[in-house]
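Open the structure and keep the sequence beside it. Work through each exercise before you read its solution.

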Amino acid sequence: KRQLQERWCSEVIRAQEAERRRISRELHDQAGQLLTALLVRLRSLEQPSDVEDDRRRAVLELKDLVKHLMDELHRLAVELRPAAIDQLGLAGALEGYLREFSALTGISAKFERSSDDALDLPSDVEIAVYRVVQEALTNVTKHSDASEVDVLLGRRNGSLVAVIEDNGRGFDLETRAPDDDRPRLGLFGMRERVELLGGHLRLESAPGDGTTVIVEIPL
């Protein structure tokens, strides 16, 4: 039991560090590059110029750069802590996230609730399910070659159920390479979040038949 606990702790730390590396890389690559471009354009405005059109064009370019930078920082902030959950609840936050996901990836993403009743969920359950859906969609983008993904959210037998299903290439659950760290770490993080709340996560997939992630958390 102690060996299993140590292994789980090690996997959690690896997953956390991998996520920190990803955020650090995105900050460096996206925000860093935009800030550098912004600095270059500001320096160009310091140079004397008698052509008003050049200055007006430079100001417009700076405004575009600032808007792009604000959008990137907003996206990273949402990934760190989605404010939409506090404002709209889990269903509203997922619906908005799927719209953004579809616009960014070109993958058709549909959200469905099994009931129109308010879910009224504990905050730890909301953030856990949101992160699981987020990670599942990241895996869809990276590994599945899917063109469509559906997310279903609802209650069943006193539990919250979330289903994420894609029409991608799928894989063999029994023969997946053991050293395939990225999907394994992603799946581990998803399962860890769910099991900490007393729930369970099930994965269904087969080559050529897509992948389905099923999450059930008792309420």
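The exercises below go from the overall fold to single residues, and the model they use is predicted.

**Exercise 1. The overall fold**

Find how many helices and strands the protein chain has, and the pattern they follow.

Solution.
- Step 1: Count the elements. The protein chain has 5 helices and 5 strands.
- Step 2: Read along the sequence. The pattern is α-α-α-β-α-β-β-α-β-β.
- Step 3: Look at burial. Of the 219 residues in the protein chain, 36% are buried.
- Step 4: Look at the surface. The protein chain exposes about 13,800 Å², and carbon and sulfur atoms supply 51% of that area.
- Step 5: Check how contacts span the sequence. Take contacts between residues at least 6 apart in sequence; 67% of them join residues at least 24 apart.

**Exercise 2. The largest nonpolar core**

Which elements give two or more residues to the largest nonpolar core, and which gives the most?

Solution.
- Step 1: Recall a general trend. In soluble globular proteins, nonpolar side chains tend to be buried together.
- Step 2: Size the core. The largest nonpolar core has 37 residues, and Val129 and Leu153 have the most contacts inside it.
- Step 3: List the helices. H3 (83–105), H4 (123–144) and H5 (181–196) each give two or more residues to this core.
- Step 4: List the strands. E1 (108–113), E2 (148–156), E3 (159–166), E4 (200–205) and E5 (211–218) do so too.
- Step 5: Pick the main contributor. H4 gives the most, with 9 residues.
- Step 6: Look for another core. One of 6 residues lies apart from the largest core, and its members include Leu38, Leu62, Leu65 and Leu69.
- Step 7: Return to Val129. Leave aside its neighbours within four places in sequence; Val129 is then in contact with Leu90, Leu153, Leu160, Ala162 and Ile217.

**Exercise 3. The bend in H3**

Compare the end-to-end distance of H3 with that of a straight helix, and find where H3 bends.

Solution.
- Step 1: Start from the length. H3 has 23 residues.
- Step 2: Work out the straight case. At 1.5 Å a residue, a straight helix would reach 33 Å.
- Step 3: Compare. The end C-alpha atoms of H3 are only 22 Å apart, short of that value.
- Step 4: Find the bend. H3 bends by about 125 degrees at Gly89.
- Step 5: Check burial. The buried residues of H3 include Gly89, Leu90, Leu94 and Phe101.
- Step 6: Find the cover. E1, H4, E2 and E3 are among what covers the buried residues of H3.
- Step 7: Move just past the helix. Gly106 comes just after H3 and takes a positive phi of about 80 degrees.

**Exercise 4. Two strand residues**

What do Phe111 and Thr212 touch, not counting residues up to four places away in sequence?

Solution.
- Step 1: Place Phe111. This residue is in strand E1.
- Step 2: List its contacts. Phe111 touches Ala91, Leu94, Glu95, Leu98, Val151 and Leu153.
- Step 3: Check a distance. Phe111 and Val149 are 38 residues apart along the chain, and their C-alpha atoms are separated by 8.9 Å.
- Step 4: Place Thr212. This residue is in strand E5.
- Step 5: Classify Thr212. Its relative accessible area is 11%, so Thr212 is buried.
- Step 6: List its contacts. Thr212 is in contact with Val163, Ile164, Glu165, Arg202, Leu203 and Glu204.

**Exercise 5. Salt bridges**

How many salt bridges does the structure hold? Find the pairs and say whether Arg169, Asp145, Arg156 and Glu216 are buried, partly exposed or exposed.

Solution.
- Step 1: Count. The structure holds 3 salt bridges.
- Step 2: Take Arg169 and Asp145. Their closest N and O atoms are 3.3 Å apart.
- Step 3: Place this pair. Arg169 lies in the loop between E3 and H5, and Asp145 in the loop between H4 and E2, so the pair ties together parts 24 residues apart in sequence.
- Step 4: Classify both. Arg169 is partly exposed at 47% relative accessibility, and Asp145 is exposed at 62%.
- Step 5: Take Arg156 and Glu216. Their closest N and O atoms are 3.4 Å apart.
- Step 6: Place this pair. Arg156 lies in strand E2 and Glu216 in strand E5, so the pair ties together parts 60 residues apart in sequence.
- Step 7: Classify both. Arg156 is partly exposed at 42% relative accessibility, whereas Glu216 is buried at 16%.
- Step 8: Take Arg202 and Glu204. Their closest N and O atoms are 3.3 Å apart.

Technical notes:
Residues are numbered from 1 along each chain as its sequence is written. This is a predicted model: local features need pLDDT of at least 70, side-chain atom pairs count only at pLDDT 80 or more; totals for chains, interfaces and linings use all residues. Side-chain values use heavy atoms; hydrogens and water are left out. A nonpolar core is a set of buried Ala, Val, Leu, Ile, Met, Phe, Trp, Tyr and Cys residues joined through side-chain atoms within 4.5 Å. Buried means under 20% relative accessible area, exposed over 50%, partly exposed in between (1.4 Å probe, protein chains only). Helices (H or I, at least four residues) and strands (E, at least two) are DSSP runs, numbered from the N terminus. Contact means heavy atoms within 4.5 Å. A salt bridge is a side-chain nitrogen of Lys or Arg within 4 Å of a carboxyl oxygen of Asp or Glu. Accessible areas come from the Shrake-Rupley method with a 1.4 Å probe; for residues, only the protein chains shown count as cover. The expected span of a helix is 1.5 Å times one less than its number of residues. The bend at a residue is the angle between axes fitted to the seven residues ending there and the seven starting there.
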